[in-house]
Amino acid sequence: MQIKHVEELVGITRKNIRFYEDQGLLSPRRAENGYREYHEKEIKRLKQIKILRKLSIPIEEIKRVFDGERSLDMCLDCHLEELERQKKSLEQMQELSRRLIDSHTTLNKLEEDECLEELERLEKEGVRFMDINNTDAHRKKTTGALIGAASMTAIMAVIIGFVLWGHLQEPLPIGLLIVIIAAPAAVIIGTIAALVVRIKEIKGGEEDEASKY
């Protein structure tokens, strides 16, 4: 079975399948023509990976399970402990947010030093807060992708408009007109398609390829 069929069968993108191979989670054999061949063993392994990744189990832990260094039960027990720590962190953040709401605190009346001291105390107690640097990076990348796509689309639209204006001034053969307009129109369509893919990659967290299923 070729990789395009595996994508459809398992629901994992080609990019991620390649990533899992690079990480040593998957080792398909190559056919005589050099293409990778995926069999029932690889399909089963990919389904296992998908399940564990949807449970947010790290790649390193999955590899240990597959390599026999750790049982699935041990892996899941450790993961439950981690989820419990995350749950407590969320509860602490919810509690602080509720207290700020209940005190009817406005931005001007916010006691910044007291809040920062409490946040630092919570961090020392093991509470982990959101990585705002990662969030800001995603926003910047999305903005950059939108600006780039908008600029290219605008340039192509201007070219199409200029061609149509010239056609009104001095008519061109219809066939030639269609060919001339088709090129920038194709660029616009390709730019939009690339933008959609790029935004999906950014939202998926391209810093961690394995977070996309």
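How exposed is Arg 14, as a relative accessible area? The answer is 37%, so Arg 14 counts as partly exposed. Keep in mind that everything here comes from a predicted model.

## The overall layout

Let's start with the big picture. The chain is built from 8 helices and 2 strands. Reading from the N terminus, the order of elements is α-α-β-β-α-α-α-α-α-α. There are 213 residues in the chain, and 24% of them count as buried.

## Salt bridges, one by one

Side chains of opposite charge can pair when their charged atoms come close. A search through the whole structure turns up 10 salt bridges. Back to Arg 14: its partner is Glu 7, with 3.4 Å between the closest N and O atoms. Glu 7 is partly exposed too, because its relative accessible area is 24% and the buried class needs a value under 20%.

Next up is a bridge inside a helix. Glu 61 and Arg 64 join their side chains in a salt bridge, at 2.3 Å from N to O. Why does the spacing of these two in helix α4 amount to about one helical turn? They sit 3 residues apart in that helix, so about one turn separates them. On accessibility, Glu 61 is buried at 15%, while Arg 64 comes out as partly exposed at 32%.

## A charged network

Arg 121 and Glu 125 also meet through their side chains, in a salt bridge of 2.9 Å from N to O. Arg 121 is partly exposed, with 40% relative accessible area. Glu 125 has 51% and counts as exposed, since the cut-off for that class is over 50%. The story doesn't stop with that pair: salt bridges with shared partners tie Arg 99, Glu 118, Arg 121 and Glu 125 together in one network.

## The negative patch

Which residues form the negative surface patch? The members are Glu 111, Glu 112, Asp 113, Glu 114, Glu 117, Glu 120 and Glu 123. Take Glu 120 as one example: its home is helix α6, which covers residues 112-124. Its relative accessible area is 47%, so Glu 120 is partly exposed.

Glu 111, another member of the patch, is found in a loop, the one between α5 (72-102) and α6. Glu 111 also has a relative accessible area of 47%, which makes it partly exposed. If you want a distance to check, try Glu 111 against Leu 100: they are 11 residues apart in sequence, and their C-alpha atoms are 10.0 Å apart in space.

## Aromatic pairs

A pair of aromatic rings is described by the distance of the centres and the angle of the planes. The structure contains 2 aromatic pairs. In the one formed by Phe 19 and Tyr 20, the ring centres are 6.0 Å apart and the planes make an angle of 70°, so this pair is edge-to-face. The label follows because an angle over 60 degrees counts as edge-to-face. As for their surroundings, Phe 19 and Tyr 20 are both buried.

## A backbone oddity

One last stop, this time on the backbone. Most residues other than glycine have a negative phi. What is the phi of Ser 56 near? The value is near 70°, which is positive even though this residue is not a glycine. You'll find Ser 56 in the loop that links α3 (40-54) to α4 (59-66).

Conventions
Residues numbered from 1 in each chain as written. Predicted model: local features only at pLDDT ≥ 70, side-chain atom pairs only at ≥ 80, totals over all residues. Heavy atoms only, no water. Patch = residues over 30% accessible without salt bridge, like charges linked within 9 Å, V, L, I, M, F, W, Y side chains within 5 Å. Areas by Shrake-Rupley, 256 points an atom, 1.4 Å probe, with all protein chains shown as cover. Salt bridge = Lys/Arg side-chain N within 4 Å of Asp/Glu carboxyl O. Lys, Arg positive; Asp, Glu negative; His and termini not counted. Charge placed at Lys NZ, Arg CZ, Asp CG, Glu CD. Helix = DSSP H or I, 4+ residues; strand = E, 2+ residues; numbered from the N terminus. Buried < 20%, exposed > 50% of the residue type's maximum accessible area, 1.4 Å probe, protein only. Phe/Tyr/Trp six-rings, centres within 6.5 Å; stacked < 30°, edge-to-face > 60°.
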